Amino acid sequence: MKCVICHSEDILEENVMEEFKHGNDIIVVPLKTMVCSSCGERYYSKLTVRKIENIERQIEANKLPMKEVGKVMLAG
Ligand SMILES: [Zn+2]
């Protein structure tokens, strides 16, 4: 597999923090996916895409178990 951005073949499975927006909130979900070691581009398998869609559905329904770990501050 080659990276479509930088053409590197250095694509490895990594733990990433995927961000989801929910209104003004950002929900961070740890996920395992393929990441280009050279430019950081993320590649998702069909299974991971399905997992992400499932997470989005759970977020919409307020059914995703989560805890507040910090606040996002907007200056001004
Ligand atoms: Zn790349």
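**A colleague's note on the predicted model**

1. Let me start with burial: 24% of the protein's 76 residues count as buried. Please keep in mind throughout that this is a predicted model. The accessible surface amounts to about 6300 Å², and carbon and sulfur atoms account for 52% of it.

2. Now the overall shape. The radius of gyration of the protein is 15 Å, whereas a compact globule of 76 residues would have one near 11 Å. Along the principal axes, the C-alpha atoms fill a box of roughly 40 × 35 × 15 Å. As for how the chain meets itself, 41% of the contacts with a separation of 6 or more are between residues 24 or more positions apart.

3. A word on charge. You will find 11 positive and 12 negative side chains in the protein. The centres of these two sets are 6 Å apart.

4. The fold is quick to describe. There are three strands and one helix, and from the N terminus the order is β-β-β-α. In residue numbers, β1 covers 11–22, β2 covers 25–36, β3 covers 42–43 and helix α1 covers 46–60.

5. What order do the three strands take in the sheet? The sheet is open, its order is β1-β2-β3, and the pairing is antiparallel. β1 and β3 are the edge strands, each with a single partner, so one side of each has no neighbour in the sheet. In general, strands of a sheet pair through backbone hydrogen bonds, in either a parallel or an antiparallel way.

6. Let me take the β1 and β2 pair next. Twelve bridges link these two strands in the antiparallel sense. If you want places to look on screen, L12 faces V35 of β2, and E14 stands opposite T33 of β2. The two strands make a hairpin with two residues between them. G23 sits in that turn, with a positive phi of about 60 degrees.

7. The β2 and β3 pair is also antiparallel, and two bridges join these strands. Here V35 stands opposite R42 of β3. V35 therefore appears in both pairings, since L12 is also opposite V35, and β2 is the strand between β1 and β3 in the order β1-β2-β3. This second hairpin has five residues between its strands, and G40 in the turn has a positive phi of about 85 degrees.

8. Is T48 buried or exposed? T48 is part of helix α1, and its relative accessible area is 10%; because that is under the 20% cut-off, T48 counts as buried. Setting aside residues up to four places away in sequence, T48 touches L31, K32 and T33. These contacts put the helix residue T48 against residues of β2, which spans 25–36.

9. H22 deserves a look as well. H22 belongs to strand β1 and counts as partly exposed, because its relative accessibility is 23% and the buried class needs a value under 20%. Beyond its neighbours within four places in sequence, H22 is in contact with I27, I59, E60 and N62. Of these, I59 and E60 fall within helix α1, residues 46–60. From H22 to P65, C-alpha to C-alpha, the distance is 14 Å, with their positions 43 residues apart in sequence.

10. Which residues other than glycine have a positive phi in this model? H7 is one of them, with phi near 65 degrees, and N62 is another, at about 55 degrees. Both are worth a glance because most residues other than glycine have a negative phi. H7 lies in the segment before β1 and counts as exposed, at 55% relative accessibility. N62 is in the segment after α1 and is exposed too, with a relative accessible area of 61%. N62 is also one of the contacts of H22.

11. Last, A61. A61 is in the segment after α1 and counts as partly exposed, with a relative accessibility of 41%. A61 and T33 are 28 residues apart along the chain, and their C-alpha atoms are separated by 25 Å. T33, you may recall, stands opposite E14 and is touched by T48.

Conventions: Residues numbered from 1 in each chain as written. Predicted model: local features only at pLDDT ≥ 70, side-chain atom pairs only at ≥ 80, totals over all residues. Heavy atoms only, no water. Helix = DSSP H or I, 4+ residues; strand = E, 2+ residues; numbered from the N terminus. Rg over C-alpha atoms; globule rule 2.2 N^0.38 Å. Buried < 20%, exposed > 50% of the residue type's maximum accessible area, 1.4 Å probe, protein only. Contact = heavy atoms within 4.5 Å. Areas by Shrake-Rupley, 256 points an atom, 1.4 Å probe, with all protein chains shown as cover. Lys, Arg positive; Asp, Glu negative; His and termini not counted. Charge placed at Lys NZ, Arg CZ, Asp CG, Glu CD. Pairing = 2+ DSSP bridges.
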